[in-house]
Amino acid sequence: MRLELRGITKRFGSFTANDRIDLSVEPGQIHSLLGENGAGKSTLMNVLFGLLHPDEGEIVIDGEPVRFHDSGDAVRRGIGMVHQHFMLVPVFTVAENVVLGFEPTKSFNRVDYKKATEDIRRLSHQFNLEVDPAARVEELPVGLQQRVEILKALSRDAELLILDEPTAVLTPQEIDALMEIMRSLAAAGKSILFITHKLKEVKAVADVITVIRQGRVIGSAEASASESDLASMMVGREVELTVDKSAFAPGESVFQVRDLVVRNDRGLIAVNGVSLDVRAGEILALAGVQGNGQTELVEAIAGMRPIESGTITLDGQDITNHSPRKVLDAGLGHIPEDRQRDGLVLSLSVADNLVLNTPRRAPFAARGTRNLGAVRENAERLVHDFDIRTTSIDEAVGSLSGGNQQKVIVARELSRPLRVLMASQPTRGLDVGSIEYVHRQIVSHRNQGNAALIVSSELDEVMALGDRIAVMFDGRIMGVVEPSASREEIGLLMAGSQVSGE
Ligand SMILES: Nc1ncnc2c1ncn2[C@@H]1O[C@H](COP(=O)(O)OP(=O)(O)O)[C@@H](O)[C@H]1O
Ligand SMILES: [Mg+2]
């Protein structure tokens, strides 16, 4: 398929998410759309897939302008989309999911699963998309569920496939396999629009790269472009891609988790006997594909989730099952995964959010009376020191950008006396510039002789920050490795296999 987007503009109220975007994709081409979080990538793809209607511009397929009322129209014109969040029915089999909503019938009202199964076998074989048609989707690893989504699109004769941030939930090995699949699809003449914000992936697989920033096309590049050039195009200025870390000189262990068992919201064991040690002057990075118990582990440590058994010790003090307040007072700083829910009060000012954990303490209050001068002074200083971009310290924190909201939390947590900083997905959704900034703050906390536990599903982040890397899978620690370990080795642990090979 030859696709052309001409002058696509999409507004949400007064906000322009896509601004006169031109883009063309040739048959058999892997075209990467590269842009930071919030650049407008998903919006553009939703327009192309008929889920949103453009305010201006047109979609042209093989020379013919088309108009999509809904995604059914797009599917009929040969477009398939694999969403960031899969749209499969967990309790159905692979074959049932593939035919869902589009069932080949022998006669009216009879679904022909035999034909569906044969279709899946044929497509699986043709495009290296091995998956068992009879398997139940909920029993498959995420990488295979994604294959089912791709098969579903192919079974509807998609000629152009949109993959929106498909690698976010995959292990390194699953990412390699997906890239092989993309290459074989392209070799068979399919067009692919591959959306990502990861430079390495773009360079590995793209034929052509289009960079968008703030809803506009900034330019295009070839896969041979350097990572720093691509990053500058994405961000609009020079960026530092590596974390500058001095030599590592750890002290004694200041934080211990022993045989921790924690249940998830459904009452199932999510953390299954985890033990960890973090030393002074050390960053322990916890790697893993999301959903392997990391969230429950962090919540349990922070006092936000009950601990079934096991102990947590901070600086010699037992903090097992203590309230969040007591855990913070013991010297644990917490940068939560969901900053808007757990880290900030969005309607309160920047100044108030910067003292959220210590509003009734000196110097911010005395004998029940708030010292507004001290609160303001603190805010002015932190806004300056942590480069928080806000029109004033009185602005509601909810109106700041995601990166600046995160800086408010980082500033607050790192500006009080801490022994251990625990940060969960500290840079998720941030722009490259803010990522760089947050990383530097974490390293400087460690360089002052403090301990840090960083939980991240971004392998690059784990490898850049960790002085040691622990890998979590299915509620357990599969291994602890040095930062010099290979991506392959860490990837195997993330997938639950021991490095020695079972
Ligand atoms: N339905 C919507 N209503 C209002 N704003 C939206 C909507 N969808 C996306 N946006 C805004 O449009 C911008 C681009 O979002 P998106 O296309 O999801 O970016 P990307 O996929 O590149 O991360 C963001 O600022 C986002 O908040
Ligand atoms: Mg998106």
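Mentor: A residue is near a molecule if one of its heavy atoms lies within 4 Å of it. Keep that in mind for ligand 1. This is a predicted model.

Trainee: Which residues surround ligand 1?

Mentor: The shell holds Phe12, Phe15, Ala17, Glu36, Asn37, Gly38, Ala39, Gly40, Lys41, Ser42 and Thr43. By class, 4 are nonpolar, 5 polar and 2 charged.

Trainee: What makes the pair between ligand 1 and the side chain of Thr43 a polar contact?

Mentor: The cut-off is 3.5 Å between N or O atoms. An oxygen atom of ligand 1 lies 2.6 Å from an N or O atom in the Thr43 side chain. That is within the limit, so the pair counts.

Trainee: Which backbone atoms have an oxygen atom of ligand 1 at 2.9 Å or 3.2 Å?

Mentor: A polar backbone atom of Ser42 is at 2.9 Å. For Ala39, a polar backbone atom is at 3.2 Å. The protein buries 58% of the 560 Å² that ligand 1 exposes when taken alone.

Trainee: Which elements each supply at least two residues of that shell?

Mentor: They are β2 (15-25) and α1 (41-48). The most comes from α1, with 3 residues.

Trainee: Why is Lys407 said to lie over the face of Tyr437?

Mentor: For Lys, NZ must be within 6 Å of the ring centre and within 35 degrees of the ring normal. Lys407 is at 5.0 Å from the ring centre of Tyr437. The distance passes, and Lys407 is listed over the face, so the name fits.

Trainee: How many aromatic pairs are counted?

Mentor: The count is 0. Ring centres must lie within 6.5 Å to pair, so no two rings qualify under this rule.

Note on methods:
Residues are numbered from 1 along each chain as its sequence is written. Chains are lettered from A and ligands numbered from 1 in the order in which they are written. This is a predicted model: local features need pLDDT of at least 70, side-chain atom pairs count only at pLDDT 80 or more; totals for chains, interfaces and linings use all residues. Side-chain values use heavy atoms; hydrogens and water are left out. Rings of Phe, Tyr and Trp (its six-membered ring) pair if their centres lie within 6.5 Å; planes under 30 degrees apart count as stacked, over 60 as edge-to-face and the rest as tilted. A polar contact is a pair of N or O atoms within 3.5 Å; within protein, one must be able to donate a hydrogen and the other to accept it, and residues adjacent in sequence count only if both atoms are side-chain atoms. Accessible areas come from the Shrake-Rupley method with a 1.4 Å probe; for residues, only the protein chains shown count as cover. Helices (H or I, at least four residues) and strands (E, at least two) are DSSP runs, numbered from the N terminus. Ala, Val, Leu, Ile, Met, Phe, Trp, Tyr, Cys and Pro count as nonpolar, Asp, Glu, Lys and Arg as charged, and the others, Gly among them, as polar.
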